[in-house]
Amino acid sequence: MDLPRARLPTLPDGVAAQHGHLAAGIRRLRHVHAAGGQWEDLTELVDQLLGEVAGHFEHEELLMERGAFPGLEQHRSMHSSFLRRLTALRAECDRRESELMGVLVELLEAWFKNHEQTADRSAAEFLGIES
């Protein structure tokens with residue numbers, strides 16, 4: 001008789017929920033920008049997203065570290081890349097540059113979706129956890 005496999009409750013419940021929350025935050029930012037939102041509102045959304053993304057990435061990396069995921073350093077590098085792009089987006093808010101803002105938001109949205117479907121899924125599979 002096979003026993004149920006032990007799971008880290010935070011990956012499917014915590015991390016998956018965080019992914020949904022972060023994706024919604026990126027979409028909200030895109031919508032506010034597309035609707036001509038005020039720079040103060042955009043700045044607040046980007047600052048909130050920066051904090052949430054950084055906390056999420058830290059949590060995810062900790063799970064991978066605890067699970068001895070061999071691709072951890074590469075995954076960390078991907079996370080750093082995303083945070084750099086998000087920081088560049090924040091700089092656009094400071095400069096009140098709307099031309100690049102829309103492009104950067106679209107890139108972040110596409111990056112996040114791809115990352116979740118590829119790199120995060122690969123880590124979850126290695127750790128033997130449903131995602």
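## The main nonpolar core

The largest nonpolar core of this predicted model has 21 residues, and L29, F82, L86, L89 and M101 touch the most other members. A nonpolar core here is a set of buried Ala, Val, Leu, Ile, Met, Phe, Trp, Tyr and Cys residues joined through side-chain atoms within 4.5 Å. Buried means under 20% relative accessible area, exposed means over 50%, and partly exposed lies in between, with a 1.4 Å probe and protein chains only. Two or more residues of this core come from each of α1, α2, α3 (72-95) and α4 (98-127), and α2 gives the most, with 7 residues. As general background, nonpolar side chains in soluble globular proteins tend to be buried together.

F82 is a good residue to click on if you want to look around this core. Beyond its neighbours within four places in sequence, F82 is in contact (heavy atoms within 4.5 Å) with I26, V53, F57, L108, W111 and F112. Apart from the main core lies another one of 5 residues, among them M64, L72, A123 and L127.

## The overall fold

The protein has 4 helices and 0 strands, and its elements run α-α-α-α from the N terminus on. Helices (H or I, at least four residues) and strands (E, at least two) are DSSP runs, numbered from the N terminus. Of the 131 residues, 37% count as buried. Among the contacts with a separation of 6 or more, 75% are between residues 24 or more positions apart.

## Two buried helix residues

L22 lies in helix α1 and is buried, since its relative accessible area is 2%. Leaving aside neighbours within four places in sequence, L22 is in contact with L49, E52, V53, H56 and F112. The C-alpha atoms of L22 and E109 are separated by 9.7 Å, although these positions lie 87 residues apart in chain numbering.

T43 has its place in helix α2. This threonine also counts as buried, because its relative accessible area is 15%. Outside its neighbours within four places in sequence, T43 is in contact with R90 and C93.

## The loop residue A68

A68 lies in the loop between α2 and α3. Its phi is positive, about 55°, although A68 is not a glycine. Is A68 buried or exposed? A68 counts as exposed, because its relative accessibility is 56%. The C-alpha atoms of A68 and L127 are 8.3 Å from each other, with the two residues 59 apart along the chain.

## The cavity

The model has 1 cavity of 30 Å³ or more, with a volume of about 40 Å³ for the largest cavity. On a 1 Å grid over the protein atoms alone, a cavity is a set of points where a 1.4 Å probe fits but cannot get out, and lining residues have an atom within 4 Å of a point. Grid points are joined across faces, edges and corners, and the volume is the space filled by probe spheres set on the points.

G25, R28, L45, Q48, L49 and E52 line the largest cavity. Both α1 (10-34) and α2 (39-66) supply at least two residues of this lining, and the largest share, 4 residues, comes from α2. By type, the lining divides into 2 nonpolar, 2 polar and 2 charged residues. Here Ala, Val, Leu, Ile, Met, Phe, Trp, Tyr, Cys and Pro count as nonpolar, Asp, Glu, Lys and Arg as charged, and the others, Gly among them, as polar.

## Confidence and conventions

The mean pLDDT, the predictor's confidence in each residue from 0 to 100, is 85 for the protein, and 88% of residues reach 70 or more. Over residues 1-13 pLDDT stays under 50, and the model has 18 contacts beyond four places in sequence for this stretch.

Residues are numbered from 1 along each chain as its sequence is written, and side-chain values use heavy atoms, with hydrogens and water left out. In this predicted model, local features need pLDDT of at least 70 and side-chain atom pairs count only at pLDDT 80 or more, while totals for chains, interfaces and linings use all residues.

Conventions. On a 1 Å grid over the protein atoms alone, a cavity is a set of points where a 1.4 Å probe fits but cannot get out, and a pocket is an open set with protein on both sides within 12 Å along at least five of seven lines; lining residues have an atom within 4 Å of a point.
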